[in-house]
Amino acid sequence: MPNNQYLISDIQRIIRAIGNIRHEYTISTLLTDSRRISNPSEGLFFALSGRRNGHEFIAEAYAAGVRNFVVKQGPEIKVPEANFLIVDDVLQALQTLATYHRNRFNLEVIGITGSNGKTIVKEWLYQLLCNDKNIVRNPKSYNSQIGVPLSVWQINEKNNLGIFEAGISTTSEMNKLEAMIKPSIGVLTHIGPAHDEGFESRNQKVIEKLQLFKNCRLLIHNYDQLIDFKTHIKAKTCFTWSTKFKQADLYVFSETVISKNFYLRAKYKEREIECLIPFLDEASVENAIVCWAVMLAMDYIPVEADKRIEHLNAVSMRLELKTGINDCSVIDDSYNSDIQSLEIALNFLNQQNQHTKKTLILSDIFQSGLQPDVLYKQVADMISIKKVDKFVGVGEALLAHKDYFDVPEKHFYPDTASMLQNLRALNFKEETILIKGSRSFEFERVSRALVQKAHETILEINLNALLNNLNYYRHKLKPGVKVMAMVKAFSYGSGTFEVANMLQYNKVDYLAVAYIDEGVALRSTGITLPIMVLNPELSAFDKLIEYKLEPVIYSFGLFDDYIKYAQDKNVLNYPVHFKIDTGMHRLGFENFEIETLCDLLEKNPYLHVQSVFSHLVASDASQHDEFTLKQIKNFEKAFKQIEKTLGYKVIKHICNTSGIVRWPNAHYDMVRLGIGLYGVDAAVKASDGGLQPIASLKTSVSQVKKIKANETVSYNRSGKLAKDGKIATVRIGYADGYLRAFGNGVGKMMIKGVKAPTVGNITMDMCMLDVSGTDVKEGDEVIVFNDQLRIEELATQIGTIPYEILTNVSQRVKRVYFYE
Ligand SMILES: *Cc1c(COP(=O)(O)O)cnc(C)c1O
């Protein structure tokens with residue numbers, strides 16, 4: 001058998017599972033996510049229990065064609081032809097299998113850990129060593145208890161080097177990763193505060209990380225970082241680097257900036273050597289030094305190391321979702337191409353529902369370690385499983401294997417230039433296009449041709465952060481409590497289908513919008529989740545029904561209008577929501593009106609009450625807790641009366657974001673998650689670290705001017721510098737949502753790491769910053785807000801709340817989405 005295929009009966013023995021093998025199968029793919037099934041006929045699904053019980057997903061995986069499962073309990077579903085391997089601990093079984101697989105190969109393995117830079121160092125080492133070695137490595141940053149086994153599983157007999165990173169968040173995790181990775185060479189990257197919360201102390205974290213290296217023959221690390229940990233280093237030899245200590249093996253004593261490069265000089269083996277690093281930021285320079293040390297420790301000669309490091313490329317793990325030409329959406333992953341990351345990108349493509357047509361532009365794949373026949377067969381199978389509608393293959397190898405591809409529409413070109421010449425004939429229109437290319441194909445040119453040119457001010461949305469925030473709140477809920485995500489006002493300014501697709505894919509239960517039109521827009525981009533409309537207008541009731549949107553009824557007037565409409569159109573049993581006013585005094589039935597409402601609801605054939613809810617006015621503010629409690633009491637009284645009248649249970653909900661954190665006893669059946677999803681919550685301290693701001697507003701410098709102390713800046717001569725200095729004009733004004741209130745020094749933007757205050761009045765499309773004493777140039781990036789310069793800070797500057805800052809960013813500012 002090829003050595004990444006196993007018989008299911010062998011796997012049963014390896015992981016010591018019980019349960020009968022009813023049919024023999026060959027297994028080559030390990031699956032842990034029922035939404036991401038590939039190669040189902042040879043797949044083995046591990047029902048891992050995370051937040052939801054993994055067993056809930058078995059049916060989904062079965063429907064996708066999977067027939068082999070590792071589970072904790074026997075199957076509740078009777079299904080033909082399927083094998084259930086029963087174990088005590090599903091995750092451990094996955095790890096045991098990975099360890100077994102790893103132990104069959106005798107290759108050199110580099111194991112990397114640290115708080116920061118693991119993925120970059122791994123990818124750079126790959127770039128530096130891939131000409132000499134056939135390398136297997138983690139896809140993206142698959143470095144967790146689940147990611148590592150899936151990575152190690154990729155090892156095949158052709159590989160002669162493995163490069164695996166390991167990430168831990170608490171004690172006792174590293175030993176498990178070490179057993180699977182079994183590194184012979186260890187690399188420790190920067191140790192910082194990340195994940196400190198999972199450990200008693202920083203020291204404990206370092207000691208735990210060092211477990212990865214306990215069987216290494218060689219460890220490469222920063223000298224300074226481990227001075228206090230000498231007794232914990234078990235590796236036979238160490239190779240150290242330092243910028244402070246002469247006794248390090250690689251002592252970097254001089255760092256100079258030369259145009260866009262960092263020029264380093266160092267002492268190594270009593271000689272002076274040099275290295276040019278094509279990056280300027282501190283983190284990149286440190287990571288590059290780590291790679292330099294690794295190459296030297298692996299006996300590369302200094303001249304060769306320098307030559308290769310000089311050509312390092314930036315690592316982009318990001319998939320960017322952008323607005324394309326002719327109403328297309330473009331997923332830009334133009335920087336790298338290998339089969340694992342292709343699969344990840346195809347999953348992201350599948351997550352998009354805004355266009356029915358899905359297109360892949362792919363270049364030849366290098367360094368896969370597979371024979372071309374095998375490789376392109378795998379690629380072709382993957383593409384047909386992921387239901388790509390249109391395939392554009394670029395490169396000689398794809399061209400040579402074009403018959404493998406069974407896609408409704410396919411095109412092949414020998415190189416990027418000939419593809420670009422035929423762009424018109426490819427007729428891209430209203431489709432979602434994934435661009436994925438090996439670096440030498442320069443697919444950034446394809447991306448430039450297909451992406452709509454953006455005004456240079458952009459709002460960047462981090463979809464991973466969105467997901468992180470969703471999970472942060474999910475962990476605060478009891479099992480079974482549903483999540484309604486509030487996506488009104490363009491998801492608080494963050495986007496429409498892009499955000500909704502992510503939420504739908506990650507199985508939130510409900511969406512809510514303010515107006516019917518917002519719901520219609522979501523439906524027409526393929527969103528199928530139930531959608532509640534907070535403020536439905538009579539004039540658009542036809543659309544409400546046509547698009548299956550669920551109205552909130554908040555008054556007797558609206559109730560009347562709705563029933564008349566339903567009678568007229570003969571709409572029966574339609575799902576509706578009732579809003580109770582327990583103190584907000586905006587919309588809703590007040591307590592004294594509930595009795596009358598119940599009379600109307602009794603045996604009413606036109607509607608089905610889906611939910612009853614109310615809204616807290618000050619869930620984040622402890623000084624109003626008594627009032628909040630009163631609201632909750634009133635709410636209970638109301639819904640009890642309503643449920644009694646109806647004779648059936650309805651979904652009950654009252655908590656918004658801060659309510660979820662502060663009022664755990666009031667979660668009832670569902671919570672309504674709004675601003676927290678976008679990374680802001682007055683009830684959660686930023687230092688808690690659990691929430692990540694999802695939006696970064698970025699712009700750039702149009703011009704730099706020298707200004708004398710007696711000169712003035714902007715309209716009405718409003719701005720003055722205290723002494724002679726320099727200003728930068730940047731491409732954002734009040735029409736973009738940077739309010740006039742930020743003018744005259746009130747607001748600050750981040751430019752080259754420093755906060756520069758505004759000078760003079762903000763104008764419609766531009767404003768000026770005081771950049772005296774900095775070396776700011778035209779074209780430099782300017783941060784208006786991001787995860788460092790937080791929206792909360794901006795809100796405080798002009799006396800408003802984060803909600804207003806977020807929703808104010810005008811629609812003229814292009815949104816760019818990324819996903820890692
Ligand atoms: C906007 C809104 C929410 C969400 O509030 P956040 O404070 O953003 O979580 C919840 N419920 C209703 C009725 C809303 O209008």
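1. Let's begin at the C-terminal end, with residues 694-818. In this predicted model, the C-alpha atoms at the two ends of that span sit 10 Å apart. Helix makes up 11% of the span and strand 34%. The UniProt record, an unreviewed entry, lists these residues as "domain: Alanine racemase C-terminal".

2. It helps to have the domain layout at hand as you turn the model around. The chain is split into domain 1 (6-89), domain 2 (105-309), domain 3 (321-453), domain 4 (460-688) and domain 5 (695-819).

3. Domains 3 and 4 deserve a look as a pair. Their centres, taken over C-alpha atoms, are separated by 40 Å. At their contact, eight residues come from domain 3 and 10 residues from domain 4.

4. Now for some helix pairs. Two packed helices are described by the angle between their axes and the distance between the axes. Take α22 (residues 594-601) and α23 (residues 625-646): their axes come within 9 Å and cross at roughly 20°. Angles under 35 degrees count as roughly parallel, so α22 and α23 are roughly parallel to each other. Their crossing is right-handed. On the α22 side, the contact is made by I594, E595, L597, C598 and L601, and α23 supplies A638, Q641, I642, T645 and L646. Sorted by class, this contact of α22 with α23 has seven nonpolar, two polar and one charged residues.

5. Next, find α16 (residues 463-474) and α18 (residues 497-505). These helices pack at an angle of about 45°, and their axes are 11 Å apart. That angle makes α16 oblique to α18. The crossing of α16 and α18 is right-handed. If you would like to display the side chains, pick L463, L466, L467 and L470 from α16, together with E498, V499, M502 and L503 from α18, as these make the contact. By class, the contact of α16 with α18 has seven nonpolar residues, no polar ones and one charged.

6. A further pair to view is α8 (residues 282-297) with α9 (residues 302-309). Their axes come within 10 Å and cross at roughly 145°. Here α8 passes α9 in a right-handed crossing. Which residues of α8 and α9 make the contact? From α8 they are A288, W292, M295 and L296, and from α9 they are P302, A305, R308 and I309. The residues in this contact of α8 with α9 divide into seven nonpolar, no polar and one charged.

How values were computed
Residues are numbered from 1 along each chain as its sequence is written. This is a predicted model: local features need pLDDT of at least 70, side-chain atom pairs count only at pLDDT 80 or more; totals for chains, interfaces and linings use all residues. Side-chain values use heavy atoms; hydrogens and water are left out. Axes are lines fitted to C-alpha atoms, for helices over the stretch in contact, and angles run from 0 to 180 degrees between N-to-C directions. Helices (H or I, at least four residues) and strands (E, at least two) are DSSP runs, numbered from the N terminus. Angles under 35 degrees count as roughly parallel, over 145 as roughly antiparallel, 65 to 115 as roughly perpendicular and the rest as oblique. A crossing is left-handed if the near helix is turned anticlockwise from the far one by less than a right angle, and right-handed if clockwise. Contact means heavy atoms within 4.5 Å. Ala, Val, Leu, Ile, Met, Phe, Trp, Tyr, Cys and Pro count as nonpolar, Asp, Glu, Lys and Arg as charged, and the others, Gly among them, as polar. UniProt positions are given in the numbering used here, feature names are shortened, and annotations may be inferred rather than shown by experiment. Domain bounds come from an automatic or database domain assignment.
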